[in-house]
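Please open the model in your viewer and keep the selection tool at hand. The stops below are meant to be followed in order, each with something to select and something to look for.

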Amino acid sequence: MGSIMFSAYFTFRPERLRFMERVQAELAQDVRLILFNLAETLTCDLDVVNAIGGLQPALPDPVGALEEFLRAEMPELAAQLMTHMRGEFEEGEHDLRAPVTMLLQRLRNFRDAIETRKPDFVFLWNQFNVLHRIAAEMLRRRNIRFGFFHDGLLPGSIAFDFDGEMGNSWISRDPERFCQVEVSQEDCARARAFIDGLSGAEVNQRHVQRDDVILAEVLRLRRLDRRPVLFLAGQNDWHAGILPKAPQTGIVSPIFDSSSDALSKLDAIAGETGFTVVYKPHPLCRDRHLFLNSDAFPNSLILKSTSLQGCMQASALVSTIASQTCYPALLAGHPMMMFGRNQITGKGLTYDVTRLEDIPGQIERALADPLAEGRRESLARHIAQLERSYLLDYGTLAGGFYRRGAGAVARILRACIAHSGDEMIEMQARGALL
């Protein structure tokens, strides 16, 4: 019997546990699922390893102990990963001892789990956080194959990646290949019905948001209401592959070094060409005090106390580096500009920019919105292709749009033990993992 480990938070995200229970029931005795639970203590009928369970010795210098751990495990990457840790944890933290102690405990228990349980494959929830960046290196050095799993791109879905997430996924890197995924007229009709049936609450369910300010009134008070409005949706740069800056981050963000860098440069362009920027940081953004420096951005509003929906409705154009905001924007019919790369880029649905000097012209083009006429049909086809090849039913959305559920996931898990990552991607591209 094979085994597959999943590393994620399962306690305060009960939908993940329910999903795993359904999948294990489909697998029966063929494959054993091992849940590496990252927080609190989980007890259930599945095989669970609690990452922060048990007694742990006090660490007088946890930061030093983490560096020692990394130098022993992956010496050439230790400095880079310590930089990542500090960037991810340090903002707002005067004392790193508590978060670093917990990180080190998780890493040590993860190492023990893979060495004692010897899984055939490991899935990590979020490729880019520092915990899973280190975990992926530990797996690579032990020749244990791994991939990633995460909330799907559309409400009610989950996805599995065998190469990388977001801009690192084959769907992003090879858009022509994805656009050749075969779908029928019936598939596209189902996708159109799915789009028409979504409510605003379903589209924006990842982070609870509310409007505490009237955006139109704030724009008027700042005298920024007489120009076209560009909404810039930020992301958690440390969890999106944008930070820390490294050669490979250019895949995801070829123009900007961070969300705040995007705001700064777009604000300057806005002053030169005549538009207004509304910037909403990601709810988990570490740069919590950027709004206190708002005078440095005379052509922009920085707003946390508002909703994604409110920002989009007040804007002529929606933009982001790599946030999944692109999907709610397109579902609501807004023109979308991408300054980086994720699964939507290169599909003929968005205004994609890869050079700073091209931004003014592309904004002018996007405001005219030549893609508007065919966007709904193109979006329906794109969604049909995602449903056919990539997205699976997570069990969190009523309506029965996703035809591949726990049974299909069980088949995928059996297959990933026997096939290489490239072979799994080929099966995804052919729609063969049904």
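This tour visits a sheet, some helices and a few loop residues in what is a predicted model.

**The sheet**

Begin by colouring the seven strands of the open sheet, which follow the order E3-E2-E1-E4-E5-E6-E13 with mixed pairing. At its edges you will find strand E3 (47–50) and strand E13 (391–393), each of which pairs on one side only. As you look from one strand to the next, the twist averages 25°.

Now select E4 together with strand E5 (residues 145–151), which pair in the parallel sense over five bridges. If you label Val-122, you will see that Phe-146 in E5 stands opposite. Keep these strands on display and add helix H5 (residues 130–141), which lies across strand E1 (2–8), E4 and E5 and runs at about 170° to E4.

**Strand E6 and its neighbours**

Move on to strand E6 (residues 157–161), and ask how many of its residues are buried. The count is five of five, so that the strand is described as mostly covered. Turning the view shows that both faces take part, with Ser-157, Ala-159 and Asp-161 buried on one side, and Ile-158 and Phe-160 buried on the other.

E6 has a partner in E5, with which it pairs in the antiparallel sense over four bridges; here Phe-148 has Asp-161 of E6 as its bridge partner. The hairpin of E5 and E6 has five residues between the strands, and in it Gly-156 takes a positive phi near 80°. E6 also pairs with E13, again in the antiparallel sense, over three bridges, and Ser-157 stands opposite Asp-393 in E13.

**Two packed helices**

Next, hide the strands and select helix H8 (residues 185–197) with helix H15 (residues 372–389), whose axes are 8 Å apart and meet at an angle of about 105°. The two helices are therefore roughly perpendicular to each other. To see the contact, show side chains on H8, including Asp-187, Arg-190, Phe-194 and Ile-195, and on H15, including Arg-376, Leu-379, Ile-383 and Glu-387. Sorted by class, the contact of H8 with H15 has eight nonpolar and eight charged residues, and no polar ones.

**Helix H1**

Select helix H1 (residues 14–27) and check its length: at 1.5 Å a residue its 14 residues should span 20 Å, and the end C-alpha atoms are indeed 20 Å apart, which agrees. Among the buried residues of H1 are Leu-17, Phe-19, Met-20, Val-23 and Leu-27, and the charged Glu-15 and Arg-16 are also buried. Just after H1, stop at Ala-28, which takes a positive phi of about 55°.

**Loop residues to finish**

Which residue joins Leu-243 through a cis peptide bond? It is Pro-244, and omega there is about 0°. To find Pro-244, look in the loop between strand E7 (229–233) and helix H11 (259–273).

Then go to Lys-118, in the loop between helix H4 (97–117) and strand E4 (121–125). Although Lys-118 is not a glycine, it has a positive phi of about 50°. Is Lys-118 buried or exposed? Lys-118 is exposed, with a relative accessible area of 60%.

The last stop is Arg-223, placed in the loop between helix H10 (215–221) and E7. Arg-223 is not a glycine either, yet its phi is positive, at about 60°, and Arg-223 is exposed, with a relative accessible area of 76%.

Terms used: Residues are numbered from 1 along each chain as its sequence is written. This is a predicted model: local features need pLDDT of at least 70, side-chain atom pairs count only at pLDDT 80 or more; totals for chains, interfaces and linings use all residues. Side-chain values use heavy atoms; hydrogens and water are left out. Buried means under 20% relative accessible area, exposed over 50%, partly exposed in between (1.4 Å probe, protein chains only). Axes are lines fitted to C-alpha atoms, for helices over the stretch in contact, and angles run from 0 to 180 degrees between N-to-C directions. Angles under 35 degrees count as roughly parallel, over 145 as roughly antiparallel, 65 to 115 as roughly perpendicular and the rest as oblique. Contact means heavy atoms within 4.5 Å. The expected span of a helix is 1.5 Å times one less than its number of residues. Two strands pair if DSSP finds at least two bridges between them.
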